[in-house]
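Open the model in your viewer and keep the selection box at hand. Each stop on this tour gives you something to select and says what is there.

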Amino acid sequence: MAISSRLATAALCSLQRRPRIFGSPSPPPPPPRHHRPAPLASPRATSPSPMATGSSSPVTPQPFKLILGSSSVARKHILEKMGLDFQVMTADIDEKSIRRENPDDLVMVLAEAKADAIMSRLNIADYQKEDNQPTLLITSDIVVVHEGIIREKPTTKEEARQFLKGYSGGHVSTVGSVVVTNLTTGKRLGSLDKAEVYFHDIPDEVIENLIDEGVVFRVAGGLLLEHPLILPFVEAVVGSTDSVMGLSTDIANKLIHDSLSE
């Protein structure tokens, strides 16, 4: 079953985006157990940041070069919506070989490992020449935490089925990291973002269709917030939807700005 990007984009506009304050390491407080989050509503209009025009290309020339260290379609889409020009490189690391018990530590060390792997294939001296425009490398990682257990990409149909059934009628947390490395100066900054997603009951038929489609195996925890099959069953998002999708725009903008500062 083909994914309708137009349908997914339209449906995403209905999600309420509540950005968190940059740099806060703690997750947004979950709603009291006797009170469910309010239904999803249209996001409030916000003024674009100087580096995020909201168009497919920057209005003014971008004062830096940007490398996205990920092949994620969602992350590409997020950067495009931010109005940034970028090229893509992949880290191709064995993520399973890097383990941490704390999800905050895990996503941060993975984002840094991705940056290190990409940088090892570059001639960094080329980026440090005085007349060169600054070049930034942005990497990130995300895990889903359900009932205190870290969930990464499911590897089998049974595991994916178990994940999705567990979300039905309940909620999950996401922990995401963003790391920006200035290849010209060597400056590296990183931060975390957390969100929670509440679900209505998800029909078994929808779960099986998602598994048959195969896309659940390419995302942490099999969590597909942007997929048109799952969107009708998303009750609320506490946090920002772009963070759940793999890259917080607020944090990315902040780190990009700070990495270019003297």
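In which loop is Glu147 found? Select Glu147: the loop between strand 3 (135–146) and strand 4 (149–151) holds it. Bear in mind that this is a predicted model.

**Stop 1: the turn at Glu147**

Stay on Glu147. Its phi is positive, about 55°, although Glu147 is not a glycine. The turn belongs to a hairpin of strand 3 and strand 4, with 2 residues between the strands. Is Glu147 buried or exposed? Its relative accessibility is 72%, and the cut-off for exposed is over 50%, so Glu147 counts as exposed.

Now add strand 4. It runs antiparallel to strand 3, and 3 bridges join the two. Pick His146 and look across to Ile149, its bridge partner in strand 4.

**Stop 2: strand 3**

Select residues 135–146. Of the 12 residues of strand 3, 12 are buried. Check one side, then the other. Thr135, Leu137, Thr139, Asp141, Val143 and Val145 make up one face, and they are buried. Leu136, Ile138, Ser140, Ile142, Val144 and His146 make up the other face, and they are buried too.

Which strand pairs with strand 3 in the parallel sense? Add residues 65–68: this is strand 1, with 4 bridges to strand 3. Ile67 has Leu137 as its bridge partner in strand 3.

Next, bring in strand 5 (residues 171–182). Its pairing with strand 3 is antiparallel, over 10 bridges. To find one of the partners, click Leu136, then Asn182 in strand 5.

**Stop 3: from strand 5 to strand 6**

Keep strand 5 and add residues 188–199, which are strand 6. How many bridges pair strand 5 with strand 6? There are 11, in the antiparallel sense. Gly176 stands opposite Asp193 of strand 6. These two strands form a hairpin with 5 residues between them. Go to Gly186 there: its phi is positive, near 85°.

Now look at strand 6 as a whole. Because 9 of its 12 residues are buried, strand 6 is largely enclosed by the rest of the structure.

Zoom in on Lys194, which lies in strand 6. The cut-off for buried is under 20% relative accessible area. Lys194 stands at 10%, so it counts as buried. What does the side chain of Lys194 contact? Show Asp104: the two side chains make a polar contact at 2.9 Å.

**Stop 4: strand 7**

Select residues 234–238. Strand 7 is mostly covered, with 5 of its 5 residues buried. It pairs with strand 6 in the antiparallel sense, over 4 bridges. Val197 is opposite Val237 of strand 7.

Move to Val238, also placed in strand 7. Its relative accessibility is 11%, so Val238 counts as buried. Draw a distance from its C-alpha to that of Val197. The separation is 6.4 Å, for residues 41 apart along the chain.

**Stop 5: the aromatic pair**

How many aromatic pairs does the structure hold? It holds 1. Select Tyr167 and Phe199: their rings are stacked, 6.1 Å centre to centre, with 15° between the planes. Tyr167 lies in helix 5 (residues 157–167) and Phe199 in strand 6, so the pair ties together parts that are 32 residues apart in sequence. Both Tyr167 and Phe199 are buried.

**Stop 6: the cavity**

Turn on a cavity display. A search of the whole structure finds 1 cavity of 30 Å³ or more. The volume of the largest cavity is about 40 Å³. Which residues line it? Select Asp141, Gly176, Ser177, Val178, Asp193, Ser243, Gly246, Leu247 and Ser248. Strand 5 gives the largest share of this lining, 3 residues. By type, the lining divides into 2 nonpolar, 5 polar and 2 charged residues. You have already met Asp141 on one face of strand 3, and Gly176 opposite Asp193.

**Last stop: Asp92**

Finish at Asp92, in the loop between strand 2 (87–88) and helix 3 (103–119). Asp92 is not a glycine, yet it has a positive phi of about 55°. Its relative accessibility is 67%, so Asp92 counts as exposed.

Technical notes:
Residues numbered from 1 in each chain as written. Predicted model: local features only at pLDDT ≥ 70, side-chain atom pairs only at ≥ 80, totals over all residues. Heavy atoms only, no water. 1 Å grid on protein atoms, 1.4 Å probe; cavity = no way out; pocket = protein on both sides within 12 Å on 5 of 7 lines; lining within 4 Å. Points joined across faces, edges and corners; volume = space filled by probe spheres on them. Nonpolar A, V, L, I, M, F, W, Y, C, P; charged D, E, K, R; others polar. Buried < 20%, exposed > 50% of the residue type's maximum accessible area, 1.4 Å probe, protein only. Pairing = 2+ DSSP bridges. Phe/Tyr/Trp six-rings, centres within 6.5 Å; stacked < 30°, edge-to-face > 60°. Polar contact = N/O pair within 3.5 Å; in protein donor to acceptor, adjacent residues only side chain to side chain.
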